[in-house]
Each structure stands twice: as C-alpha cells, then as structure tokens.
Amino acid sequence: MVNKEYLKYIKENLSTNDAYCQLAEEAAELAHAALKVLRAVNNTNPTPNTIIESIDALHEEAADVFNALYVVLDDYEFIKVRDIAKRKMKRWKERLKSKDV
C-alpha cells in the first residue's frame with residue numbers, strides 16, 4: 001500500500017500538469033521495458049540485458065506507473081479503475097475463448 005505521508009507531500013508539491021507528465025513518462029518507460037523483455041526472450045534482436053534483468057526493469061517501471069497513478073487519481077477513481085479493469089479482463093478472456101472456436 002502507498003505511504004499516505006509521501007503521497008500527500010508529492011501532491012502538495014507537484015502541479016497537476018507535472019503529475020500527468022510524470023505519468024506519461026513512466027507509462028512510456030513501462031512500454032519500453034516490455035519491449036526489452038520481448039527482445040531478451042526472443043533474442044532475434046539481441047539486447048545486453050538478460051531476461052531476468054529485463055523483467056526486473058519491467059517491475060521497476062510498473063511500480064513507477066503505479067506511483068504516478070496514485071498521484072493523479074483519488075481513491076474513488078482508483079475504485080473506478082479497478083472495476084473497469086475487472087470488466088476488461090472478462091472481455092479479454094471472452095475474446096480469447098471465441099478465438100478458439
């Protein structure tokens with residue numbers, strides 16, 4: 001769970017614009033880290049990082065995205081996002097099942 005004291009300090013000292021810029025930056029870095037994992041796994045376009053290092057970097061970037069989301073979303077919005085994620089996960093499963101038919 002997030003440290004409320006740290007979160008409060010960040011929200012009080014970072015503009016909304018800067019918070020959203022941080023979120024966008026971290027999301028882009030997460031996407032880049034996911035691509036690095038694929039490069040490490042597939043090894044068709046070699047990267048100097050091992051698979052483990054690439055996955056560790058992915059975890060780091062995911063944590064950065066979570067932290068940025070904590071800053072830009074309030075508690076209600078987090079609940080809303082969680083509910084949307086549940087619905088989307090179900091839809092994803094259904095799409096995969098229909099592909100198997």
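**Salt bridges**

I began with E12 and K8, which lie four residues apart in helix α1 and are therefore separated by about one helical turn. In this predicted model, I found that their side chains meet in a salt bridge, with an N to O distance of 2.7 Å. I then looked up how open each partner is: E12 has 53% relative accessibility and so counts as exposed, and K8, with a relative accessible area of 51%, is exposed as well.

I next asked how many salt bridges the structure holds. My count came to two, and I noted that the other pairing joins R82 with D83, where the closest N and O atoms are 3.4 Å apart. I recorded R82 as partly exposed, because its relative accessible area of 45% falls between the limits of 20% and 50%. For D83 I entered a relative accessible area of 37%, so this residue is also partly exposed.

**The nonpolar core**

Which residues make up the largest nonpolar core? I listed nine of them, namely V2, L7, A19, L23, V65, A68, V71, V72 and L73. When I sorted these by element, I saw that α2 and α3, the latter spanning residues 51-72, each supply at least two residues of this core, and that the largest share, four residues, comes from α3.

I took L23 as one member to examine further, and I placed it in helix α2. Its relative accessibility is 17%, which is under the 20% limit, so I entered L23 as buried. I also looked up the separation between L23 and R87: the two are 64 residues apart in sequence, and their C-alpha atoms lie 23 Å apart in space.

**Surface patches**

R87 came up again when I turned to the surface, since it forms a positive patch together with K88, R91 and R95. From this group I followed R95, which has its place in helix α4, covering residues 75-99. With 53% relative accessibility, R95 lies over the 50% limit and therefore counts as exposed.

I then noted a nonpolar surface patch of about 420 Å², made by Y6, Y9, I10 and L14. Of these I checked L14, which I located in the loop between α1, residues 4-13, and α2, residues 16-42. Is L14 buried, partly exposed or exposed? I found 32% relative accessibility, so L14 counts as partly exposed.

**K4 and Y70**

I looked up K4 in helix α1 and entered it as partly exposed, because its relative accessibility is 48%. I compared its position with that of Y70: although K4 and Y70 are 66 residues apart along the chain, I read a separation of 9.9 Å between their C-alpha atoms.

**A backbone entry**

My last look-up concerned N43, which has a positive phi of about 55 degrees although it is not a glycine. Where is N43 found? I placed N43 in the loop between α2 and α3. I closed the entry with its relative accessible area of 52%, which is over the 50% limit, so N43 is recorded as exposed.

Terms used
Residues are numbered from 1 along each chain as its sequence is written. This is a predicted model: local features need pLDDT of at least 70, side-chain atom pairs count only at pLDDT 80 or more; totals for chains, interfaces and linings use all residues. Side-chain values use heavy atoms; hydrogens and water are left out. Patches are made of residues with over 30% relative accessible area and no salt bridge: like charges are joined within 9 Å, nonpolar side chains (Val, Leu, Ile, Met, Phe, Trp, Tyr) within 5 Å. Accessible areas come from the Shrake-Rupley method with a 1.4 Å probe; for residues, only the protein chains shown count as cover. A salt bridge is a side-chain nitrogen of Lys or Arg within 4 Å of a carboxyl oxygen of Asp or Glu. Lys and Arg count as positive and Asp and Glu as negative; His and the chain ends are not counted. The place of a charge is taken as NZ of Lys, CZ of Arg, CG of Asp or CD of Glu. Buried means under 20% relative accessible area, exposed over 50%, partly exposed in between (1.4 Å probe, protein chains only). A nonpolar core is a set of buried Ala, Val, Leu, Ile, Met, Phe, Trp, Tyr and Cys residues joined through side-chain atoms within 4.5 Å.
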